Amino acid sequence: MRGRRSLAAIWRWPTLLAAASLFGLLSALLGQRGIWLPLSWIALASPLAVAAFCVGRSRE
């Protein structure tokens, strides 16, 4: 068992993924044209991509 990790080390990635999701939701709601739609798709797909990567990595 490894040593104890700090709270910042534990919550870093969940906080970043939550911020990306919030940005994606707000940009999809508020920006209806231009660069906002692709940015919202990318931001909302990033948590799914991370989850798929982690699931694939855990099965190896």
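The questions and answers below walk through a predicted model, from its helices to its largest pocket and its aromatic pair.

Visitor: Does the span of α2 agree with its number of residues, or disagree?
Guide: Helix α2 has 23 residues, and at 1.5 Å a residue these should span 33 Å. The C-alpha atoms at the two ends of α2 are 34 Å apart, so the two values agree.

Visitor: How many Å does α1 reach from its first C-alpha to its last?
Guide: Helix α1 has 24 residues, for which 34 Å is expected at 1.5 Å a residue. The reach found in the model is close to that expectation, at 33 Å.

Visitor: At which residue does α1 bend, and which proline follows?
Guide: The bend in α1 is about 30° and lies at Trp-13. Within four residues of that position there follows a proline, namely Pro-14.

Visitor: Where in α2 does a kink lie, and shortly before which proline?
Guide: Helix α2 has a kink of about 30°, placed at Ser-46. That position comes shortly before the proline Pro-47.

Visitor: Which residues line the largest pocket, and about how much space lies in it?
Guide: The lining of the largest pocket is made by Trp-13, Leu-17, Val-50, Phe-53, Cys-54 and Arg-57, and Trp-13 is also the residue at which α1 bends. The space that lies in this pocket is about 170 Å³.

Visitor: Which helix gives the most to the lining of the largest pocket?
Guide: Both α1, which runs over 7-30, and α2, which runs over 36-58, supply at least two residues each to that lining. With four residues, the helix that gives the most is α2.

Visitor: How many residues of each class does the lining of the largest pocket have?
Guide: Trp-13, Leu-17, Val-50, Phe-53 and Cys-54 are listed in the lining together with Arg-57, and Arg counts as charged. By class, the lining therefore comes to five nonpolar, no polar and one charged residues.

Visitor: Is Arg-57 buried or exposed?
Guide: Arg-57 is found in helix α2, and it is among the residues that line the largest pocket. Its relative accessible area is 56%, and because the cut-off for the exposed class is over 50%, Arg-57 is exposed.

Visitor: What separates the C-alpha atoms of Arg-57 and Ile-10 in space?
Guide: Along the chain, Arg-57 and Ile-10 are 47 residues apart. In space, their C-alpha atoms are separated by 19 Å.

Visitor: Which rings form the aromatic pair, and is the pair stacked, edge-to-face or tilted?
Guide: The structure holds one aromatic pair. The rings of Phe-23 and Trp-36 have centres 6.4 Å apart and planes at 50°; because planes under 30 degrees apart count as stacked and over 60 as edge-to-face, the pair of Phe-23 and Trp-36 is tilted.

Visitor: How many residues apart in sequence are the parts that the aromatic pair ties together?
Guide: Phe-23 lies in helix α1, whereas Trp-36 lies in helix α2. The pair therefore ties together parts whose separation in sequence is 13 residues.

Visitor: Are Phe-23 and Trp-36 buried or exposed?
Guide: The relative accessible area of Phe-23 is 38%, and that of Trp-36 is 39%. Buried means under 20% and exposed over 50%, so Phe-23 is partly exposed, and Trp-36 is likewise partly exposed.

Visitor: How far apart in space are Ala-19 and Ala-43, C-alpha to C-alpha?
Guide: Ala-19 lies in helix α1 and is partly exposed, with a relative accessible area of 43%. Ala-19 and Ala-43 are 24 residues apart in sequence, and their C-alpha to C-alpha distance is 9.0 Å.

Notes
Residues numbered from 1 in each chain as written. Predicted model: local features only at pLDDT ≥ 70, side-chain atom pairs only at ≥ 80, totals over all residues. Heavy atoms only, no water. 1 Å grid on protein atoms, 1.4 Å probe; cavity = no way out; pocket = protein on both sides within 12 Å on 5 of 7 lines; lining within 4 Å. Points joined across faces, edges and corners; volume = space filled by probe spheres on them. Phe/Tyr/Trp six-rings, centres within 6.5 Å; stacked < 30°, edge-to-face > 60°. Buried < 20%, exposed > 50% of the residue type's maximum accessible area, 1.4 Å probe, protein only. Expected span 1.5 Å × (residues − 1). Bend = angle between axes of the 7 residues up to and from the residue.
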